[in-house]
Amino acid sequence: MSNTQYAIRNTIVGGLWKENPVFRLLLGMCPTLAVTAAVKPALTMGLCVVFVLVCSNIVVSLMRNLLKPHLRILMFTLTIATFVTIADLLLKAFQPEMSAKLGPYIPLIIVNCIIICRAESCASKNGLVISIVDGLAMGAGFTVALCVLAAIREILATGAVMEINVMPQSFIPWAAMSMPVGAFITLGLVLGLINKISTKK
Amino acid sequence: MDTFTTLLMAFISIVIINNLVLTKFLGICPYLGVSGRIDMAFGMGLAVTFVVTLSGTLTWLIDHMILMRMDLEVTRYVCFILVIAGAVQLVEMYIRKFFPSLYDSFGIFLPLITTNCAILGLCLFINLWGVDNLPEAAVLSFGAGIGFTLAICIMAGIRENLNLADVPKCLRGAPITLITAGLLTLAFMGFAGMIK
């Protein structure tokens, strides 16, 4: 395996498990808690983050040699804000219902720490290919984490996932799981479980 | 008198009923990161209160006086984030000049207020709720800061005692903090429906 291929493989494994932004680095907690009441909004949110992450990684990687250190963060933020505006307008045009449901959490991607963290620690140091792969892997890790949490909460809150019933008739829905309480406690317990699994190895 | 009642209601509602941290999940990062000691938490709360009051009022003004009049709503997010970054810079300079010891103890968390979602979130919520007068926008911004301070101080108080508790090993650190936060939101849910 050549050096680049090895680096790419490392990035992908890192994004999905070893450095999973939600479960390992605890980044981007606000959308993680806010949009995971059901799978559909969680998936939409995940895809928007992938789009913004990849685009901003590309731009940051291309202009990394022109940046002055003290203006770096400001330029990152402006780049991200531009792409988030694009994502928000696209969503408003093609998925108006979902856009209304997610409300301010789409523009809040601007201050999602994952994106600025990847721009700072990966895209501003690496070439174009690695940056794109990193954006995809980190975004995928984020989306998967969001969907796992959303699936747990949606099943317990309504007994169904994406309108497909999975629980027996006698199941009594836990309304609390779709409320803020459910978000905090599910994430806490899942994090505990992941700690348990990773310390066993 | 009538306006006074409206403002008071808006203040109470943003502090306890629609608390940004506990019901809207905004500002979770500093909420988990800086809530280890109660004095740090209080200082962080005050800094955020200052920045959020300043930037909430300013973004409302910019939104209504410039962007809406010139049909530039597309650039709203970019303008908002610039205002917030500017306000944080101002606070940072002020604290470094007049309270150097506080400045040292904050370290990296001070510039990180820029990426605190509570602040941008509040500016967006003010826009979403269609607040149409300046006093209400200012009261909401100030109340959001107070609400954040309240939530982070309660959390810090609990966590100081949690250090003495015997928590299962895999739940130590972030997981138990999240579960505690969950129980705290359960308590705050009791306020829901108190106004409107």
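**Helix packing within chain B and across to chain A**

Let's start with helix 9 of chain B. Its buried residues pack against helix 8 of chain A, and also against four helices of chain B: helix 1 (2–17), helix 2 (20–24), helix 3 (28–33) and helix 8 (134–162). Keep in mind that this is a predicted model.

Which residues of helix 9 of chain B are buried? They are B:Pro175, B:Thr177, B:Leu178, B:Ile179, B:Ala181, B:Gly182, B:Leu184, B:Thr185 and B:Phe188. The helix covers residues 174–189, 16 in number. From first C-alpha to last it reaches 22 Å, close to the 22 Å expected at 1.5 Å a residue.

Now the interface. Chain A brings 33 residues into contact with 31 residues of chain B. On the chain A side, helix 2 (29–34), helix 4 (72–94), helix 6 (113–123) and helix 8 (180–200) each supply at least two residues. Which helix of chain A gives the most? Helix 8, with twelve residues. That is the chain A helix we met a moment ago, packed against by the buried residues of helix 9 of chain B. By class, the chain A side has 24 nonpolar, eight polar and one charged residues.

Last, a pair inside chain B. Helix 4 (residues 38–67) and helix 5 (residues 76–98) of chain B have axes that come within 9 Å. They cross at roughly 145 degrees. The crossing is right-handed. Helix 4 of chain B contributes residues including B:Phe50, B:Leu54, B:Leu58 and B:Ile62. From helix 5 of chain B come, among them, B:Phe80, B:Val83, B:Ile84 and B:Ala87. By class, this contact has 14 nonpolar, two polar and two charged residues. B:Asp63 and B:Arg76 are among the residues that make the contact.

Terms used. Residues numbered from 1 in each chain as written. Chains lettered and ligands numbered in written order. Predicted model: local features only at pLDDT ≥ 70, side-chain atom pairs only at ≥ 80, totals over all residues. Contact = placed C-beta atoms within 7 Å. Nonpolar A, V, L, I, M, F, W, Y, C, P; charged D, E, K, R; others polar. Axes fitted to C-alpha atoms, helices over the stretch in contact; angles between N-to-C directions. Left-handed = near helix turned anticlockwise from the far one by under 90°. Expected span 1.5 Å × (residues − 1). Buried ≥ 20, exposed ≤ 12 C-beta atoms within 10 Å, placed from the backbone.
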